[in-house]
Amino acid sequence: RVPGKFSQSLKLAPGASVVISGNDLSFNQSFSFSLWAKILDDAEGTILSNGQLRLEYRDDLKLYGSIYTENGWEEVSSFAKQGKWTHYALSLTNSQLMMFINGNQVSSSNLTTSMSWEDLDDRDLYLGSPEAINWSMGGNVLLDELRIYDRALSESEISSLYGYGSGDLGIRPQIYGDSPFSISPPPQSI
């Protein structure tokens with residue numbers, strides 16, 4: 001863990017990954033995921049993947065969001081923002097895959113078939129590079145505020161998650177209770 005966008009973030013060096021058990025995690029329906037990422041190189045890297053979806057950047061400086069369907073991998077893409085904190089979101093409705101960068105929809109694809117699994121033996125979700133990957137998708141990235149939703153979020157909901165660069169945490173703290181400042185300070189003299 002290293003200092004991140006909001007607090008602590010996860011730093012993934014090339015070849016490193018965090019594995020999240022996929023026993024109770026399946027993307028066979030509408031879903032959305034949202035995360036803040038800082039891509040630290042201009043090569044190739046996997047940010048998030050399992051046998052149904054991938055979010056990765058490639059050496060053409062683009063970010064690719066992919067889902068596995070009965071027709072194979074289908075993807076949407078847009079130019080990534082290397083070197084600075086960026087909010088990325090991928091959302092799937094019943095018939096459309098959409099990519100959002102910094103709260104704006106940047107790419108979409110209409111789907112003709114439903115989602116499927118590329119490999120039923122490995123249902124885990126990987127942050128970073130899966131061990132079985134056989135090419136140079138190492139990834140050098142910082143991740144913060146990863147969220148997975150079991151429905152397709154609307155464009156306004158994703159825009160709210162971006163929050164003009166401050167996330168949905170807001171830009172002002174909300175303090176409740178008595179003021180920490182004195183109402184009538186005593187006079188001072190020097």
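Let's start with R54, which is partly exposed in this predicted model, its relative accessible area being 22%. Its side chain meets that of E56 in a salt bridge, with N and O 3.6 Å apart. E56 itself is buried, at a relative accessible area of just 2%.

From here we can move on to R58 and E75. These two form a salt bridge whose closest N and O atoms lie 3.1 Å apart. The pair ties together distant parts of the chain: R58 sits in the loop between β6 and β7, while E75 belongs to strand β8 (residues 72-79), 17 residues away. R58 counts as buried because its relative accessible area, 18%, falls under the 20% cut-off. E75, in contrast, is partly exposed at 38%. Through shared partners, salt bridges join R54, E56, R58 and E75 into one network.

The model has five salt bridges by the rule used here. Another one of them links E157 with R151, the closest N and O atoms being 2.8 Å apart. Both ends are partly exposed, E157 at 29% relative accessibility and R151 at 40%.

Now let's turn to the nonpolar interior. In soluble globular proteins, nonpolar side chains tend to be buried together. Here the largest nonpolar core has 29 residues, and I47, L55 and Y88 have the most contacts inside it. Strands that each supply at least two residues include β4 (31-39), β5 (45-49), β6 (53-57) and β13; β4 gives the most, with five. If you centre your view on L55, you will find it touching residues that include F33, L35, I47, L63, Y88 and M99. A second, separate core holds six residues, among them A89, M98, L153 and I158.

Next, follow the chain back to its beginning. Strands β1 (residues 2-3) and β2 (residues 8-12) pair in the antiparallel sense over two bridges, and they form a hairpin with four residues between them. P3 has Q8 of β2 as its bridge partner. On to β13: β2 and β13 run antiparallel and are joined by three bridges, with L10 standing opposite L143.

One more residue of β13 deserves a visit. D144 lies in this strand, which spans residues 141-149. What is the nearest side chain of opposite charge to D144? That is K5, 8.4 Å away, and the buried D144 has no salt bridge. Its side chain does reach the backbone nitrogen of F6, at 3.1 Å. Beyond its sequence neighbours within four places, D144 is in contact with residues including G4, K5, F6, L35, W36 and W85.

How values were computed. Residues are numbered from 1 along each chain as its sequence is written. This is a predicted model: local features need pLDDT of at least 70, side-chain atom pairs count only at pLDDT 80 or more; totals for chains, interfaces and linings use all residues. Side-chain values use heavy atoms; hydrogens and water are left out. Buried means under 20% relative accessible area, exposed over 50%, partly exposed in between (1.4 Å probe, protein chains only). Lys and Arg count as positive and Asp and Glu as negative; His and the chain ends are not counted. A salt bridge is a side-chain nitrogen of Lys or Arg within 4 Å of a carboxyl oxygen of Asp or Glu. A polar contact is a pair of N or O atoms within 3.5 Å; within protein, one must be able to donate a hydrogen and the other to accept it, and residues adjacent in sequence count only if both atoms are side-chain atoms. Contact means heavy atoms within 4.5 Å. A nonpolar core is a set of buried Ala, Val, Leu, Ile, Met, Phe, Trp, Tyr and Cys residues joined through side-chain atoms within 4.5 Å. Two strands pair if DSSP finds at least two bridges between them.
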